[in-house]
Amino acid sequence: MSYLLKTLTKKEEIDRIIRDTIDEVLVLRFGRCSDDVCLQHDEILAKSVRDVSKFAKVALVDVDSEEVQVYVKYFDITLFPSTIFFFNAHHMKLDSGTADHTKWVGAFHIKQDFIDVVEAIYRGAMKGKLIVQCPVPPERIPKYQLLYKDV
Amino acid sequence: MATLEDSFLADLDELSDNEAELDENNGDVGKEEEDVDMDMADLETLNYDDLDSVSKLQKSQRYTDIMQKVEEALRKDLDGSDKGTVLEDDPEYKLIVECNQLSVDIENEIVIVHNFIKDKYKLKFQELESLVNHPIDYACVVKRIGNETDLTLVDLADLLPSAIIMVISVTASTTKGTALPEDVLQKVLEACDRALDLDSSRKKVLEFVESKMGSIAPNLSAIVGSAVAAKLMGTAGGLSALAKMPACNVQVLGLKRKNLAGFSSATSQSRVGFLEQTEIFQSTPPGLRARASRLVAAKSTLAARVDATRGDPTGTSGKAFREEIRKKIEKWQEPPPARQPKPLPVPDSEPKKRRGGRRLRKMKERYAVTDMRKLANRMAFGTPEESSLGDGLGEGYGMLGQAGSNRLRVSSVPSKLKINAKVAKKLKERQYAGGATTSGLTSSLAFTPVQGIELCNPQQALGLGSGTQSTYFSESGTFSKLKKI
């Protein structure tokens, strides 16, 4: 749990923050503060929040509250931590070579990776794209398996 | 000067007349002026070897009046509660003003006596005046030494620092002065005593003024302290005079300019006078002293103005000023705020700055189009272009090597390209025909095959034929492209 970053628990808060972030990348982390991978991820986020503060905003969403389950279902979040990027209320996709482009699953290895991803999203969004290529080299992308209807 | 004339006239007439006239309270100031002039006149007579018994009398009579009053006031410890509306009407204030004047006059007097002593003592020990600058110190030293030749018998340890004592003893052993005659010695010693007496009375006067400073100018003394306040008032010539001065003048009141002839004044930088002796100034670190002196001068001028108009008899505004000064000096000394890391700039918000400069220009020169290339790119109208291999093959020369251009020569550099057989043969022919540096066995005549004079034409030896033969219909020409099927 990082004290620098805002934690959102209610649906109105999430709605408000998505609506009110204008011309900045909105980074929403869905996860639990007790999970150690989440903690690692949160630390990276907290360290870089000041560096990207001019073009990005970071917020944490606690996945254990009931109101948030709507979003968990909507975005199909099963693994924690999952990070979802928005720009001007549009959901931005990230092609990192994994199966799921709609979110980033897992923690970042280094702070620079996170900053690079946010910058790539910003540049793509300013050009009008909805999906961007991930600049992180594949060895630093966390790998995961997706189960589709238990297949 | 009119007063000097008057004093001379008074000398001639009768001194007692003047005494009777000016024997009033308010005439004390006048008396003191008179005293100074009398002393000056006396000293002029002193210079002519006339004893100053007359001036001694003067001194004891007139000026002890003021001294008596001062001592009385010191003992009585007046409080002076009924100040009245205007400061200037207060009798005690008047005494203070007179004391201020007196202290300035005494200082001038001391300088005069010092000059006198120097003049007389030159015969004995000339260098002493340049070694010991301060008049009172000089007088004490002269008194101690007297007519003594051997300085080891004289103890100067309590008067001067030991370094200077050493220098004095060394100089004394090599001085070319002689012992003084008895009467001159007497005069000198009396003059020394006079100087010391003047100094002690000046100290007494200052002490008195200091003790009264708290009631005269409470705000000013709250900031700079009563001693310095008294000195400032004395030099300025009264509280209202001090209040009228701008702060920059107050800052340099009391500055002793000791520009010894021949020495540079570039290093003597402190432009602070009496304010140098204040507690505030002494306690600031040396780097901030210039700013602090300006600040203290400004605030003390404001306090003096408050005091001159009696705006705040309690002295609270003076204390407030002092507090303000202290806070400001503290603020100057605190370290700058720690730097926080800057956030990254928004991507693509700043256009790329194209830098210029000598380095970039030098780098661009390596890839720039050279003059030679520029000439080769241009062509003359109407004349066919020369080319490296002739007949339009190879690289065109353009305007290069034309008769008009007298700068560049065409030099054939073998290119790194792969050339086919026909082109290679042509190149070789060219080389033999036009090259300036060829093998030493060929004579120059062979280079002009058109003339027809050929001693030994290396081209024929190689089977190249004369240069004028066309390649297309050449006898020696072979198939250019032979490919194995």
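Contact here means heavy atoms within 4.5 Å. With that in hand, chain B of this predicted model can be taken piece by piece.

Chain B turns out to be a helical affair, with 20 helices and 0 strands. Of its 485 residues, 34% count as buried. The accessible surface comes to about 31,200 Å², and carbon and sulfur atoms account for 55% of that. As for how the chain meets itself, take the contacts between residues at least 6 apart in sequence: 63% of these join residues at least 24 apart.

Helix H7 of chain B, covering residues 135-145, is a handy place to start. Its buried residues are Ile136(B), Tyr138(B), Ala139(B), Cys140(B), Val141(B), Val142(B) and Ile145(B). These residues pack against three helices of chain B, namely H5 (91-121), H6 (128-131) and H9 (182-216). Just after H7(B) comes Gly146(B), with a positive phi near 65°.

Helix H11 of chain B, residues 226-236, can be described along similar lines. Here Val228(B), Ala229(B), Ala230(B), Leu232(B), Met233(B), Gly234(B) and Ala236(B) are buried. Their packing partners in chain B include H5 and H9, both of which also pack against the buried residues of H7(B). The other partners of H11(B) are H10 (218-224), H12 (239-244) and H13 (247-251). A glycine follows this helix too: Gly237(B), whose phi is positive, near 90°.

Further along, H15 (residues 289-308) and H16 (residues 316-333) of chain B form a helix pair. Two packed helices are described by the angle between their axes and the distance between the axes. The axes of H15(B) and H16(B) come within 10 Å and cross at roughly 165°. Because that angle is over 145 degrees, H15(B) counts as roughly antiparallel to H16(B). The crossing is right-handed. On the H15(B) side, the contact is made by Arg291(B), Ala292(B), Leu295(B), Val296(B), Lys299(B), Leu302(B), Ala303(B) and Val306(B). H16(B) brings in Ser317(B), Phe321(B), Glu324(B), Ile325(B), Lys328(B), Ile329(B) and Trp332(B). Sorted by class, the contact has 10 nonpolar, 1 polar and 4 charged residues.

One single residue rounds off the picture. Thr171(B) sits in helix H8 of chain B, which spans residues 162-174. Its relative accessibility is 18%, and since buried means under 20%, Thr171(B) counts as buried. Setting aside neighbours within four places in sequence, Thr171(B) is in contact with Phe125(B), Glu127(B) and Leu131(B).

Notes. Residues numbered from 1 in each chain as written. Chains lettered and ligands numbered in written order. Predicted model: local features only at pLDDT ≥ 70, side-chain atom pairs only at ≥ 80, totals over all residues. Heavy atoms only, no water. Helix = DSSP H or I, 4+ residues; strand = E, 2+ residues; numbered from the N terminus. Buried < 20%, exposed > 50% of the residue type's maximum accessible area, 1.4 Å probe, protein only. Areas by Shrake-Rupley, 256 points an atom, 1.4 Å probe, with all protein chains shown as cover. Axes fitted to C-alpha atoms, helices over the stretch in contact; angles between N-to-C directions. Parallel < 35°, antiparallel > 145°, perpendicular 65-115°, else oblique. Left-handed = near helix turned anticlockwise from the far one by under 90°. Nonpolar A, V, L, I, M, F, W, Y, C, P; charged D, E, K, R; others polar.
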